[in-house]
Amino acid sequence: MDKKITLTIDGRELEAHPGQTILEVARGNGIFIPTLCHYSKTTNVGACRVCMVEVKGARSLVASCCMPISLGMEVKTDTKTVRDAQRLIVELLWASGDHNCLTCEQNGSCELQDLIYWLKIEKPRFDIKSPGYALEQTNAMIARDLNKCVLCGRCIRACNEIQVNEILDFSMRGSHAKVGPAFDTDYIQSECYFCGECADVCPVGAITIRQARFAGRPWEIRKVRTTCTYCGVGCQMDLNIHDGKIVKVTGNRDYGPPNEGSLCVKGRFGMDFVHSPDRLKTPLIRKNGELKEASWDEAYTYIAEKLSAIKQANGPDSIVGFSSARATNEENYLFQKFMRAVIGTNNVDHCARL
Amino acid sequence: MTNSIEEIEFTDAIFAIGTNTTENHPVIGAKIKRAVRQRGAKLIVADPREINLVKYATIWLRQKPGTDVALLNGMMNVIISEGLYDRQYVETRTEGFEAMKKVVEKYTPEYASNITGVPADDIVTAARLYAEAEAASILYTMGITQHTTGVDNVKSIANLAMLCGNVGIEGGGVNPLRGQNNVQGACDMGALPVVFTGYQPVGSDEARAKFEKAWGVTLPSKPGITIVETLNAAHEGKVKALYVMGENPMLSDPDLNHAKEALRRLDLLIVQDILLSETAQLAHVVLPAACFAEKDGTFSNTERRVQMVRKAVEAPGQAKADWKIISELSAKMGYPMDYATSEDIMKEINSLTPSYAGITYDRIEKMGIQWPCPNSTHPGTKFLHKDRFSRGLGLLSAIEYIPPAEVPDAEYPFVMTTGRVLYHYHTATMSRLSPGIMERCPESLVEINPKDAEKLGVSAGQFVKVSSRRGEVQAKSEVTTRVSEGTIFMNFHFKEAAVNLLTNPALDPIAKIPEYKVCAVKVEAA
């Protein structure tokens, strides 16, 4: 490890490693600096300028997310100059888009909204002029409203640096700049794999989960951490629950391995089966060739009698159980215990080979 | 996996063989891509199809389906003849080197090239890339295992890894990526015909005595039969009753016509599932189960990490968690199982399974633990075989190439290989209920090379009939160079084009795994 060096932030003398940024050192020591484009473990781009701080001797304010610390550096994060600059930037962002919280799905979970509140801005000093992009609702999974985009570029870095799908990038220049797939197409016409990482990282309501629209406000939603039911990676995910239903699935980087918050299309958009009307709701027993509804007791009695009779007549090895690579460990344990201890056979397998 | 998922991103070289990682394990796929793009790791991809990973690969080896042993032997031939192997590791940690070397001698790059279709120079380059890396990880999936030579393939991979000293080190390893959320756990829990939990053999008197004492019963020592053997036995009338929990053999098993007939001959078919699957439709009794979001429990992922599953919503109607159903049925049959919660079951697992002994619910609340974890203070195991193998010395096996069970001929001139696509999951009973997913991937497509399509007079999107000795299906064609001439690819997700009507039920003699990756078919415009 490198030797630590000393610097001051807001009058506090701090020790940190050379190569760390001002933002990292500040956050590591409980000093709040607001950010918008910053997203850890991706490139620091210094695009939004919200994280600006004063550094003694510097010609202008510096973006703390990109500025490496140096020996004896003196940093101030909460001066009038800093706050004025942050307000100007946030007001410009506000005025350059259609940030209408009344209809926004992210209302209550929006980093721009939080910034405006934190900086105590009543209204922007500039006229609000939305770019007037059409809403993109051309697929069932991800909706985009680029009028709410603050051009932080997080979606682009998530796509290129986290998922490495290399689909999203900036196009156009200046006030016409926008984010999206090549040739300005919508997601469904692009090569997009619908991992949804862009929606998870979007700080505002520009990229949202289509199914979650009008399905529950952020403060009404209860998040339940669980393990994805699809492949063997075992991604940790939050099921977002409202009114007893899964309204969407989100990743959470704080959960760490194995997926550090990333998900794929199946984990994020493949949960409709849970609430499908096709789900089995009662036991069924075949009578006269047709499956008919039955009570649990009838079903258990039917099975117990038949299994016992078959075991008696043909021996336990005439009975086989297929356990499940989809069920929990506890259930697999009980299933093999049932086959071995109750039926008396080792005829138990599951689809590991298929 | 011998090693951990997180290590993939930080290793020096990755050899991905028979794994379409970005589609089947997308989050691991992202780690491979990050290793390449951001850390300059070397990536060797061996796959008959031009999968997405090829775009990121340092070198791509397009072997003919079913020729993996020849390819791996060819690489080892180069590594041994150029002296690139880890002599010290081979001497101190392995046995069987001389016998293996003798077999491998024959597999010169040119000889291997003749069998595999991979240019000899590429075999040399790939061998050097793998052998010269400080740490190199081998990733594989069913592209390696679903062959009549599946066990040979896996042993060859182990040979290569041990030859270069890549087992038992950080960033190395022999890493099968498991395809189902809890296939690792189902194996760990003894849902296999020959072992109890933690791979304790049913044939061992000691293991049986332990479980007999805990369960208060006498247990059989005779090994059980596997899924494919079960269907054959049911066909012959030797198996009378089948209890299926959360499986859909009517779409996932080889030679479906045969499977269907086998299930029809049963006196009792019990299916416990969340949906009325193709298999459930044939059942005598169907039991409604809760899905993963409606119950508590644990899953063990591909890196042996045991993680929590938590109840988020109520199960529909009268559906119940599988563990509840099993314990209630057991009570009905005169053997009460009194568990108030899934945690109670885990406590019993802890007490009977040394590798899970220290994995308790309170310890995995925030982060899962990787087995082996022998006690309540053990942190779990990031990678296996650090200083010694389970058997002591690592066994290098001498393995000859054997062709697939069914090879193309005049009547069935194409090789068909099967697999999954990104958007669907296995028999798609779940994934096809999502409108977004169906928008992206609504139907089965037959991947066919443009030159073959031209010869057959098939244009893109046109229906084709694919037939084998066992059955036929129809699906739209996707004309693409992703497959090479003479090979077609189909996924097994769609019941409308159930590809397992065509597949060959020939099994690996040891693992009893069917040869899904190679069968001979005929393709015609429909």
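The following questions and answers concern a predicted model of a complex of chain A and chain B.

User: What ipTM does the predictor give the complex?
Analyst: Chain B has a mean pLDDT of 96, and 100% of its residues reach 70 or more. For the complex as a whole, the predictor gives a pTM of 0.95 and an ipTM of 0.95.

User: Which helix of chain B gives the most to the side of chain B that touches chain A?
Analyst: The contact between the chains involves 98 residues of chain A and 120 residues of chain B. By class, the side of chain B that touches chain A is made up of 67 nonpolar, 30 polar and 23 charged residues. The element that gives the most to this side, with 8 residues spanning part or all of 322-332, is helix 16.

User: In what order do the strands of the 7-stranded open sheet stand?
Analyst: Strands of both chains contribute to this open sheet, in which the pairing is mixed. Strand 14 (290-293) and strand 16 (348-349) of chain A stand at the edges, and because each has a single partner strand, one side of each is left without a neighbour in the sheet. Read from one edge to the other, the order is 14(A)-13(A)-9(B)-8(B)-7(B)-15(A)-16(A).

User: Which residue of strand 7 of chain B is the bridge partner of Gly321(A)?
Analyst: Strand 15 of chain A, residues 319-322, is joined to strand 7 of chain B, residues 241-245, by 4 bridges, and the two run in the parallel sense. Within strand 7 of chain B, the partner of Gly321(A) is Tyr243(B).

User: Which residue in the turn between strand 13 and strand 14 of chain A has a positive phi?
Analyst: Strand 13 of chain A, residues 284-287, runs antiparallel to strand 14 of chain A and is joined to it by 4 bridges. Along this pairing Leu284(A) stands opposite Glu293(A), while Arg286(A) has Leu291(A) as its bridge partner. The two strands form a hairpin with 2 residues between them, and the residue in the turn with a positive phi, of about 50 degrees, is Asn288(A).

User: At what angle do the axes of helix 8 of chain A and helix 17 of chain B cross?
Analyst: Helix 8 of chain A passes helix 17 of chain B in a left-handed crossing. The contact is made by Asn329(A), Glu330(A), Tyr333(A) and Leu334(A) on the side of chain A, and by Ser342(B), Ile345(B), Met346(B) and Ile349(B) on the side of chain B. These residues divide into 5 nonpolar, 2 polar and 1 charged. The axes come within 9 Å, and their crossing angle is roughly 65 degrees.

User: How far apart do the C-alpha centres of domain 2 and domain 3 of chain A lie?
Analyst: Chain A is divided into domain 1 (5-78), domain 2 (130-275) and domain 3 (285-353). Between the C-alpha centres of domain 2 and domain 3 of chain A, the distance is 42 Å.

User: Which residue is joined to Pro258(A) by a cis peptide bond?
Analyst: Pro258(A) lies in the loop between strand 12 (245-250) and helix 6 (265-269) of chain A. In chain B, a cis peptide bond runs from Trp371(B) to Pro372(B), with omega near 0 degrees. For the cis bond to Pro258(A), omega is about 5 degrees, and the residue joined to Pro258(A) is Pro257(A).

Terms used:
Residues are numbered from 1 along each chain as its sequence is written. Chains are lettered from A and ligands numbered from 1 in the order in which they are written. This is a predicted model: local features need pLDDT of at least 70, side-chain atom pairs count only at pLDDT 80 or more; totals for chains, interfaces and linings use all residues. Two residues are in contact if their C-beta atoms, placed from the backbone, lie within 7 Å. Ala, Val, Leu, Ile, Met, Phe, Trp, Tyr, Cys and Pro count as nonpolar, Asp, Glu, Lys and Arg as charged, and the others, Gly among them, as polar. Two strands pair if DSSP finds at least two bridges between them. Domain bounds come from an automatic or database domain assignment. Axes are lines fitted to C-alpha atoms, for helices over the stretch in contact, and angles run from 0 to 180 degrees between N-to-C directions. A crossing is left-handed if the near helix is turned anticlockwise from the far one by less than a right angle, and right-handed if clockwise. pLDDT is the predictor's confidence in each residue, from 0 to 100.
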